[in-house]
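Notebook open, model loaded. I'm jotting down what I looked up, in the order I looked.

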Amino acid sequence: MSETPMTRAASATPPSVARRIKGLSDRAIAWIFVGPTIFLLLAINIFPLIWTVRLSFTDYKANRAGREIKNVGFRNYERILNDSDIWLNMQATAHFLFWTIFFQVLIGFTLAYLINKKFKGNDLWTTIIVLPMMLSPAVVGNFWKFLYQPQIGLFNYIVAFFTGKDPSSFEMLGSVDLAPWSIVIVDTWMWTPFVMLICLAGLRSIPDYIYEAAEIDRASKLRQFFTITIPMVLPFLMLAVLFRGIENFKMFDLVVQLTGGGPGSTTELTSINLKREAFEKWRTGYASAYAIILFVTVFGLASIYVKALNKVKER
Amino acid sequence: MSNFLSGLLRLRRGPWEIVATILIALGVFMLMQPFVMWGFTYSFIITLVGTVMFIIVSHFPE
């Protein structure tokens with residue numbers, strides 16, 4: 001009789017363990033395996049979430065744990081949703097989200113389209129393009145800080161070469177007008193390869209016979225692009241947009257390394273602002289309400305994301 | 001359009017998910033728009049309604 005993985009695993013089980021689990025139903029064994037994961041999920045994710053909801057209705061301060069906690073009802077939510085500074089932070093986040101997604105989709109799709117054409121060195125170029133995505137955001141933030149240096153930064157010298165300006169005449173990270181764009185550039189540089197990979201998967205899923213049929217019908221290349229390529233890649237593009245949208249909504253590390261939210265609060269994204277409220281001002285109750293608002297937003301977007309993902313799977 | 005409305009009336013998942021998705025998208029837009037403060041103020045409740053609705057209607061029959 002040939003030995004299957006199951007019989008091999010059964011024979012490898014020590015007799016003492018085998019004696020103990022003998023008589024247990026399949027369901028009970030499944031629970032034994034899944035139990036620790038469920039316990040960790042409850043302890044690390046679900047319990048803190050419920051506790052945060054509870055704290056969001058109080059004036060709790062984590063640095064004064066002995067202080068009496070007062071219930072404040074919906075006051076934290078009211079204050080956040082009527083705070084013009086937080087509204088400005090949301091707008092900074094929106095600027096960051098919109099432009100990063102716009103550039104990443106545009107450049108990512110173009111790169112995927114080019115890489116999808118078979119040419120010599122195709123695989124090497126794919127590897128080189130994908131490299132930035134594999135770096136740590138902290139490392140990327142630090143070295144772009146050097147690239148943006150007005151005196152020694154390569155970025156300023158390249159811009160100066162093309163525009164004829166003095167390299168030290170502008171400061172990407174120190175200027176109120178340029179700082180929001182500086183974080184957009186870095187995030188686009190880092191995450192465009194991700195969008196490219198998703199688009200490439202979409203492009204490679206289009207069967208050749210569709211293009212061949214279009215050729216027989218004498219459809220022009222432009223027509224093929226707009227009636228075959230774009231509609232068939234669209235679910236993948238949508239997925240990339242949602243994925244990047246959710247990720248960038250939570251963006252923290254890269255921006256903290258680059259600008260720290262400055263100058264002033266021009267690049268202070270919601271996640272940075274939330275961290276300040278929670279761990280610098282120690283307004284834990286208020287920060288909990290803020291976190292719940294962000295959580296509901298991300299959860300809502302994630303629901304749409306899962307729906308889009310299922311649609312892609314159905315294709 | 002009539003299919004959509006009859007789907008809503010017969011509590012079908014598809015059309016209700018569309019409504020919930022529109023509410024979530026509207027809420028996120030209102031949260032981040034730079035035009036009117038009241039949009040920002042009411043954004044959370046709209047996103048919350050959309051998200052809760054999405055969770056409920058995803059259990060409706062196809």
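I began with residues 90–305 of chain A: this stretch is 74% helix and 0% strand, with its end C-alpha atoms 21 Å apart. Helices here are DSSP runs of H or I with at least four residues, strands are E runs of at least two, and both are numbered from the N terminus. I picked that range since UniProt, in an unreviewed entry, lists it as "domain: ABC transmembrane type-1". UniProt positions are in the numbering used here, feature names are shortened, and annotations may be inferred rather than shown by experiment.

Housekeeping: this is a predicted model, where local features need pLDDT of at least 70 and side-chain atom pairs count only at pLDDT 80 or more, while totals for chains, interfaces and linings use all residues. Residues are numbered from 1 along each chain as its sequence is written, and chains are lettered from A and ligands numbered from 1 in the order in which they are written.

**Chain A overall**

I get 14 helices and zero strands for chain A. Its radius of gyration, taken over C-alpha atoms, is 26 Å, well over the 20 Å that the globule rule gives for 315 residues, so chain A is more spread out than a compact globule. That rule is 2.2 Å times the number of residues to the power 0.38. The C-alpha trace spans about 80 × 70 × 35 Å along its principal axes.

I then checked the split: domain 1 covers 5–55 and domain 2 covers 77–314 of chain A, with bounds from an automatic or database domain assignment. Their C-alpha centres lie 39 Å apart.

Buried residues come to 28% of the 315 in chain A. Buried means 20 or more other C-beta atoms within 10 Å of the residue's own, exposed means 12 or fewer, partly exposed is in between, and C-beta atoms are placed from the backbone.

**Cores**

Which residues have the most contacts inside the largest nonpolar core? I found Cys199(A) and Ala240(A), in a core of 38 residues. Such a core is a set of buried Ala, Val, Leu, Ile, Met, Phe, Trp, Tyr and Cys residues joined through C-beta atoms within 7 Å. H9(A) gives the most to this core, with 12 residues. I looked up Ala240(A) next: leaving aside neighbours within four places in sequence, Ala240(A) is in contact with Val105(A), Gly108(A), Val195(A), Ile198(A) and Cys199(A). Contact means that C-beta atoms, placed from the backbone, lie within 7 Å.

Ala240(A) falls inside residues 224–246 of chain A, one of the ranges UniProt lists as "transmembrane region" in an unreviewed entry. I get 100% helix over 224–246, with the end C-alpha atoms 32 Å apart.

**Chain B against chain A**

The contact takes 17 residues from each of chain B and chain A. On the side of chain B that touches chain A, helix H2 (13–32) and helix H3 (37–57) of chain B are the elements giving two or more residues. H3(B) has the largest share there, nine residues. By type, I get 10 nonpolar, six polar and one charged on that side; Ala, Val, Leu, Ile, Met, Phe, Trp, Tyr, Cys and Pro count as nonpolar, Asp, Glu, Lys and Arg as charged, and the others, Gly among them, as polar.

Last lookup: the unreviewed UniProt entry lists residues 16–36 and 42–60 of chain B as "transmembrane region". Residues 16–36 are 81% helix, and residues 42–60 are 84% helix.

Terms used
Two residues are in contact if their C-beta atoms, placed from the backbone, lie within 7 Å.
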